[in-house]
Amino acid sequence: MVKQEHECGNRPDNTAFTQQRLPAWQPMLSAGIVIPGFVLIGLAFIGIGVALFVTTQNIQVLELDYTGVANNTPCFVCSSNPNVKNCVCMLDFSINTLFKGPVFFYYGLTNYFQNYRKYGVSKDANQLSGNLDYFTSPSDTCSPYRYDSSNKPIVPCGSIANSMFNDTFKLYQIVSGTKKQVPLDGKGIAWWTDYNVKYRNPSVVPLKNAFNGTVKPIFWPRPAYELDPTDPANNGFINQDFLVWMRRAALPDFRKLYRRITEGDYAQGLPAGNYSLEIAYNYPVKSFDGRKKVVFSNVSWMGGKNEFLGIAYLVIGSLCIVMSVVMLIVYAKFKFPDEE
């Protein structure tokens with residue numbers, strides 16, 4: 001008797017919800033619904049694909065390799081003598097038509113695996129968030145760039161920071177035989193979350209005092225608090241170039257934003273003419289068979305130049321149209337008598 005009352009007490013209420021008697025609707029996928037549905041989806045995808053493909057064709061891109069591997073290239077002198085410090089080379093190029101603005105200036109690297117696991121974890125998030133306790137005692141994840149040969153802590157530590165890209169560029173337009181410098185805007189090139197949330201400088205004034213007793217990364221020409229001598233607010237762990245580099249690339253061939261061209265006489269873009277790019281050649285890539293390049297590009301409502309997205313929509317849309325034709329033929333040939 002007790003057992004029967006116990007079982008009745010665990011029984012759910014006799015309602016439509018608990019007994020799964022609620023009314024339900026299930027679509028009946030007939031040929032009259034599926035075939036027109038595939039046609040409409042195919043036409044929509046083809047329309048979107050055409051719009052994306054036409055838009056990306058109107059985006060201008062100019063890529064210039066400056067690795068200097070060949071004897072007749074402008075930067076061969078710098079690349080063939082890696083021990084030469086502060087080597088500068090000039091890369092001349094021309095633009096036939098207006099390069100519409102705003103123009104984005106990128107640097108690119110190939111065969112560089114920033115997604116390598118040991119490389120990716122080689123940093124100290126607490127240190128990069130401005131925690132002074134980790135300035136004197138960096139995390140073990142920074143090894144082998146945790147301490148220098150004198151056992152002084154490296155700030156910022158780790159492989160990512162140590163390998164920061166340090167080539168610099170100046171762009172000139174050749175006007176009547178004279179060089180006119182093109183202003184390059186380096187503000188706001190990093191992600192907003194990186195600049196305002198993820199990376200922070202210690203609350204020490206002046207910032208230099210926070211780095212007392214530490215050393216700069218081995219391959220850096222200057223310490224973190226002097227990354228930008230022209231702008232004191234653009235130093236430390238919130239330096240824009242540093243933030244761009246610290247956001248790792250997913251693929252071995254990548255490009256990262258270096259500057260924007262949006263000011264002065266070049267607000268509408270780069271006019272047709274001759275240009276000269278002055279390159280401070282510092283970053284070595286020959287040891288891992290890498291290449292270096294600069295990329296000038298503008299953008300549209302869909303972002304940068306990307307033909308894959310438009311082609312993907314066109315292919316899927318075309319497949320939907322083909323499938324609808326195949327299903328129509330099959331239906332017309334094998335339809336059941338009661339459907340006539």
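Select Phe105 and Phe296 to begin: both residues are buried, a word used here for a relative accessible area under 20%, taken with a 1.4 Å probe and protein chains only. The model is predicted, so local features need pLDDT of at least 70 and side-chain atom pairs count only at pLDDT 80 or more, while totals for chains, interfaces and linings use all residues. Residues are numbered from 1 along each chain as its sequence is written, and side-chain values use heavy atoms, with hydrogens and water left out.

The structure holds 26 aromatic pairs, where rings of Phe, Tyr and Trp (its six-membered ring) pair if their centres lie within 6.5 Å, and count as stacked with planes under 30 degrees apart, as edge-to-face over 60 and as tilted for the rest. One of them joins Phe105 and Phe296, which are stacked at 4.7 Å centre to centre with 15° between the planes. Phe105 belongs to strand β4 (residues 103-109) and Phe296 to strand β10 (residues 292-297), 191 residues apart; strands are DSSP runs of E with at least two residues, numbered from the N terminus.

Next, select Tyr107 and Tyr258, whose ring centres are 6.4 Å apart and whose planes stand at 75°, so this pair is edge-to-face. Because Tyr107 lies in strand β4 and Tyr258 in strand β7 (residues 254-261), the pair ties together parts 151 residues apart in sequence. Tyr107 is buried, with a relative accessible area of 4%, and Tyr258 is buried as well, at 7%.

Finally, turn to Trp191, where the charged end of Arg247 sits over the ring, 3.7 Å from its centre; this requires NZ of Lys or CZ of Arg within 6 Å of the ring centre and within 35 degrees of the ring normal. At Tyr281, select Lys292, which lies over the face of Tyr281 at 3.4 Å from the ring centre.

Technical notes
Helices (H or I, at least four residues) and strands (E, at least two) are DSSP runs, numbered from the N terminus. Buried means under 20% relative accessible area, exposed over 50%, partly exposed in between (1.4 Å probe, protein chains only).
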